[in-house]
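Reader: Could you take me through one part of this structure up close? I'm a first-year student, so please spell out the terms as you go.

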Amino acid sequence: MLKIVFFADTHLGVDHPINPRMNRRRRGKDFFDNYQKVLSYAAESQTDLVLHGGDFFFRSKVPAPIVDKAYDILYDFAENEIPFVIVPGNHERSVLPTSILMNHRNIHILGEPSTFFFEKKNAIIAITGFPNIRNGIRLQFEHVFAEAIEGNPDADIKLLLLHQTIQESQIKGYTFRYGSDVLPLKMLPSGYHAVLSGHIHRAQIFYYDKAENRIPVIYPGSTERTSIVEISEEKGFYELLFKEYETDWKLVKTKFHVLPTRSMVRLDITLLTEDERVLRNLLEAELSKLDQNSVVRLRCEIPETRKLLRAKLLREVTPETMTLTLAPIYRRG
Ligand SMILES: [Mn+2]
């Protein structure tokens, strides 16, 4: 069996201030913890290869200490002699911050349309990909893909590693189907074992048919919840198992590993009051009912009540173990 660990959208740096002015529970560590957990699992289970589908960091400009911390962990992992391949996502502005660490012999960045080859367990593995194309993937895919595979020798296991929205991918309540930024299934190539992509934060697998083969499109989703839309989603990563048969290698199993996440809760305040004590009591009562490690998204659209929701009050009512943020007011029309 040949094993590949695939994860994406680690968004390192979310809620991770370098010099926090306020001592409240942040989510930054959660993101780093899950990132570390995936790499530890890969090392301990002697995975043959690790793939990252992009959005390694949470935005294109990341403070140096965050970059250093993330790369230190990756460098330690790479010392296990397990190759790590990453495709830059939209948050990397399609180029990851450069660092001497990234010159490690086992760290490979698909910084331009190209293919990396690895030999593991007697199989030649080809990882083909290109950095996120922000606008117009539908028009550009054909030539970018051709560039990525130009002159390639044949391989036993062929994987396409992307950071794009692919037709049929879903987020809560919505399926992407058409549009210039959606990659149509019919454009995806034949002869591949799987298409692996980051970008969509919901873990999912769907299929396309090409040349009498049913090929999976696999999104591992993000490793932590980055928005309230992901409130009910499980977070994790995929482990892909390949087996050699007489004439070829097959993807025989895809296993989703769930990562621990703090529960995310939406708390709506609909009471109209101008009395801070009333609001304070209500908040304390509501928060005491929740899992004390929750990430709470507080919503309030009653102008009078909302005025009372100042930073000081929120800080005072929030238990130390919780993370609470106030949702912006939703403007209709
Ligand atoms: Mn992302």
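Author: With 333 residues, a compact globule would have a radius of gyration near 20 Å, and the protein chain has 22 Å, which agrees. That radius is taken over C-alpha atoms, and the globule rule is 2.2 Å times the number of residues to the power 0.38. Keep in mind that this is a predicted model: local features need pLDDT of at least 70, side-chain atom pairs count only at pLDDT 80 or more, and totals for chains, interfaces and linings use all residues. Residues are numbered from 1 along each chain as its sequence is written.

Along its principal axes, the C-alpha trace spans about 75 × 45 × 30 Å. The chain has six helices and 19 strands; these are DSSP runs numbered from the N terminus, with helices being H or I over at least four residues and strands E over at least two.

Now for the close look, at helix α2. It covers residues 64–78, and its 15 residues at 1.5 Å each should span 21 Å; the end C-alpha atoms are 20 Å apart, which agrees. (The expected span is 1.5 Å times one less than the number of residues.)

Which residues of α2 are buried? They are I66, V67, A70, Y71, L74, F77 and A78. They cover an arc of only 115° around the axis, so they sit on the same side of α2; the arc is that of the directions from the helix axis to the C-beta atoms. "Buried" is a count: 20 or more other C-beta atoms within 10 Å of the residue's own, while 12 or fewer makes it exposed and anything in between partly exposed, with C-beta atoms placed from the backbone. Turn to the face of α2 that points away from the buried side, and you'll find the exposed residues A64, P65 and D72.

What do the buried residues of α2 pack against? Their partners are α1 (28–44), β3 (84–86) and β4 (107–109). Contact here means that the C-beta atoms of two residues, placed from the backbone, lie within 7 Å.

For a second example of burial, try L159 in strand β7 (residues 157–163). L159 counts as buried because it has 25 C-beta neighbours inside 10 Å. Leaving out residues up to four places away in sequence, L159 touches I127, Y192, H193, A194 and L196.

Back to the whole chain: buried residues make up 37% of the 333. Among contacts between residues at least 6 apart in sequence, 70% join residues at least 24 apart.
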